[in-house]
Amino acid sequence: MTEKTKIGLFEYDVKNGLGLIGYNVDDHEHAHIIVDTKKCGDCDSMMCVWGCPAQCYQFRDVGLDEMKFQYEDCVECGTCFLMCTDGALSWNHPRGGFGITYTYG
Amino acid sequence: MGEEADFDVIIIGCGMAGMACAAQLLKEGVEGDRILVVDRGEPVGAKNMSGGILWGRELDELDDIFPNWEMDNPGIERYINNKKIGFLSSDDAFIMEGKFASWDGIGGTVEPSMRTGWSVLRARTDAWFAEKLEEAGVFIMPGIKIDQLNIEGLDHTSYTARDLTDPAEDSGRGKAQKWKISNFDPEIVDAVRNGKIRGIVQDGEVMTSNVVVIAEGSNSVLTRSYAFDSMLHAQDRHGIILGVKEVIHLGEEEINSRFGCYSGDEERPPSGMAMEAALAIFDDMAEKAWEEYPVTAGLVPRAGGWLYTNKDTLSIGVVIQLDSLPSGIHTYDMLAAYKAHPAIAPLIRGGETVEYGAHLVPEYGLDRMPTRLVRDGAVVIGDAAGLVYSNGAVIQGQNYSIHSGKLAAKVIANCIESGDFSEKALKQYKKDLDASYVMRDLRRFKTTAKFLADDANYTWVPKFMGTMFNRVVREIGEEKITVEKQVLKLRKQMRRKDRKTKKGMGLLNLIRLGLMGRKL
């Protein structure tokens, strides 16, 4: 990701951190978070982008015109559900046996 | 009552609360094969995370099911005999440290000698608890997520799990969420909200039980779905904290020498250190963010940091009050800033990050805690019930979870005996919880939630403490003045610097802060 224009004096390589967690990603049909990205267009605070600790949400912070969401890296914390002010989010835990696996915790 | 239920009790979630509830049920004489524990993780513990220090000897009472837990549980890492509380600003760090002989359970002459805190790695502790429960005859089903609760007289196919938590089409923006389910047939809605719960639905299959114990943890979908007055609502992030954490491998020897810890012996695990700090280190990040995203300009990120020693790893992370996060700052960048702070960086230097993760902490405080913990045939325990207390110096939750699990189990055991699983009978759990030290703590320290949400503790207070200590103990050839004069001088200087501090350090504000602070 070379095109990113991140804010802040510190840049955490979150994808490297995520690489240390075990994942068993479910197929798209069973994605545990569904985002109605049509509702994101005129959101100016983009709190999901800033809150998400797994960089699942990317939007104007990286110069995109449209919300780009991917559930695959999700660490199942639930922050985005609380952060979204537009009712664009449908949140549930992944199906049994899918999602993250911590080995330390 | 109609036909016999598949189980007496189904416990959803095998964390601290769930496992304690199951263990206590066994102790009360409930047969293991009448208890089912389901957990999303496979193996059990795979989804679980804490900071994490387990405070309190709650597990002692359960040691017939978890024998020698302190030494044998592979997730109990070090006992804590060294506690630090810090104030970190961009320039300075002021860290208070206590090292207590009595905390290692052998030493000490005046205070009761007792080990009361352990660094834990929950993926491991919880797997062991599950294993022991299974050995004691409890049914454990890992890798199972519960979508719906079984409600008497309601066909579970008439609605889906998503209907309960999805916002309705006509839901207003920025207002309290209106759920999709509210547009359903009123009879269904009423049953979902007030019906008699009798078991669970998993993958379309119903498993019945007399009581369902919801021990889902901080991010509980079932409590918000089934009207347990959960505060975890969309668009509402007050009182919720996000913890972002790394586990860093350093090696046992290195940790012992770097943090002055002892190696363990036959009776004790190795000793360890627990540090928590108030952080005022995000000024530059915040200012840049405010400029770029004026929509949240002026919002000060309120965050704390922690560092705990495990056997051969460190747990390090930041907790961020989500309602204070401004646009423009990624939560994980705050972790990076904390790790790079001059007081922290040398402590983790040379370590290799072996895990990254994040978890919500339901630090609602008494005013915003869920009030409906009991329904016909169901109770809520642990994090799902919002049982977390912090005053900055102390942060507890796992011991409260265990305690609530035990209390619920005792009441449920009585209900099994009497055959009455109504809300009225189960309400005894709520009464017991109210009378226990858990709720007494939360009530006594009611003001702390307000205190911890005060910007001052994340802006000028850490700066003031750091600079103050710096000036009092240094010698740079200047004339010495008394501490009192130093305090007044620094206050004057800091107030002159910017308007925000001026207001924050005004006399009224200091008194207000002092009044709250003395109740910690």
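Two strands are taken to pair if DSSP finds at least two bridges between them, and with that in mind I would like to begin with strand β1 of chain B, residues 7-12, which pairs with β2(B) in the parallel sense over 4 bridges. I should say straight away that what you have in front of you is a predicted model.

Staying with that pair for a moment, Ile12(B) stands opposite Val38(B) in β2(B). Strand β2 of chain B covers residues 35-38, with Ile35(B) and Val37(B) pointing one way, Leu36(B) and Val38(B) pointing the other way, and all of them buried. As background, the side chains in a regular strand alternate between the two faces of the sheet.

Both strands belong to an open sheet of 6 strands in chain B, whose order is β7-β2-β1-β11-β18-β17 and whose pairing is mixed. At its edges we find β7 (139-141) and β17 (374-375) of chain B, each of which pairs on one side only. At the β17 end, β17(B) is joined by 2 bridges to strand β18 of chain B, residues 378-380, and these two run antiparallel, with Val379(B) in β18(B) as the bridge partner of Val374(B). Lying across β1, β11 (209-214) and β18 of chain B is helix α11 of chain B, residues 398-418, which runs at about 170° to β11(B).

Which residues have the most contacts inside the largest nonpolar core? That core has 180 residues, and the ones with the most contacts inside it are Ile12(B), Cys21(B), Ala22(B), Val213(B) and Val379(B), so two of the names I have already mentioned, Ile12(B) and Val379(B), come back here. Leaving aside residues up to four places away in sequence, Val379(B) touches Val211(B), Val213(B), Leu373(B), Val374(B), Ala408(B), Leu426(B) and Tyr429(B). In soluble globular proteins, nonpolar side chains tend to be buried together.

Let me turn to another sheet in chain B, an open one in which 3 strands are arranged in the order β8-β9-β10 with antiparallel pairing. Because β8 (148-151) and β10 (205-207) of chain B stand at the edges with a single partner strand each, one side of each is left without a neighbour in the sheet. Neighbouring strands of this sheet are turned by 40° against each other on average, with direction ignored. Between β8(B) and strand β9 of chain B, residues 197-202, there are 3 bridges; here Leu149(B) stands opposite Ile200(B), and Gln148(B) has Val201(B) as its bridge partner. On the other side, β9(B) is joined to β10(B) by 3 bridges, again antiparallel, and Gln202(B) has Glu205(B) in β10(B) as its bridge partner. The hairpin of β9(B) and β10(B) has 2 residues between the strands, and within this hairpin Asp203(B) takes a positive phi near 55°.

Now to the domains. The assignment for chain B gives domain 1 as 7-75 + 121-235 + 368-435, domain 2 as 241-361 and domain 3 as 452-517. Taken over C-alpha atoms, the centres of domain 2 and domain 3 of chain B are separated by 25 Å, and 7 residues of domain 2 are in contact with 8 residues of domain 3 in that chain. On the domain 2 side, the largest share, 3 residues, comes from strand β13 of chain B, residues 271-280, and by class this side has 5 nonpolar, 1 polar and 1 charged residues.

Is Lys500(B) buried, partly exposed or exposed? This residue is found in helix α17 of chain B, residues 499-504, and it is partly exposed because 14 other C-beta atoms lie within 10 Å, a number that falls between the limit of 12 or fewer for exposed and that of 20 or more for buried. The C-alpha atoms of Lys500(B) and Gly298(B) are separated by 9.6 Å, although the two residues are 202 residues apart along the chain.

Finally, the contact between the chains takes 64 residues from chain B and 44 residues from chain A. On the chain B side, at least two residues each are supplied by α3 (122-135), α4 (161-165), β12 (241-249), α8 (283-292), α9 (331-340) and β16 (352-361). Which element gives the most to that side? The answer is β16(B), with 8 residues, and by class the side of chain B that touches chain A has 29 nonpolar, 18 polar and 17 charged residues.

Terms used. Residues numbered from 1 in each chain as written. Chains lettered and ligands numbered in written order. Predicted model: local features only at pLDDT ≥ 70, side-chain atom pairs only at ≥ 80, totals over all residues. Domains from an automatic or database assignment. Contact = placed C-beta atoms within 7 Å. Nonpolar A, V, L, I, M, F, W, Y, C, P; charged D, E, K, R; others polar. Core = buried A, V, L, I, M, F, W, Y, C linked by C-beta atoms within 7 Å. Axes fitted to C-alpha atoms, helices over the stretch in contact; angles between N-to-C directions.
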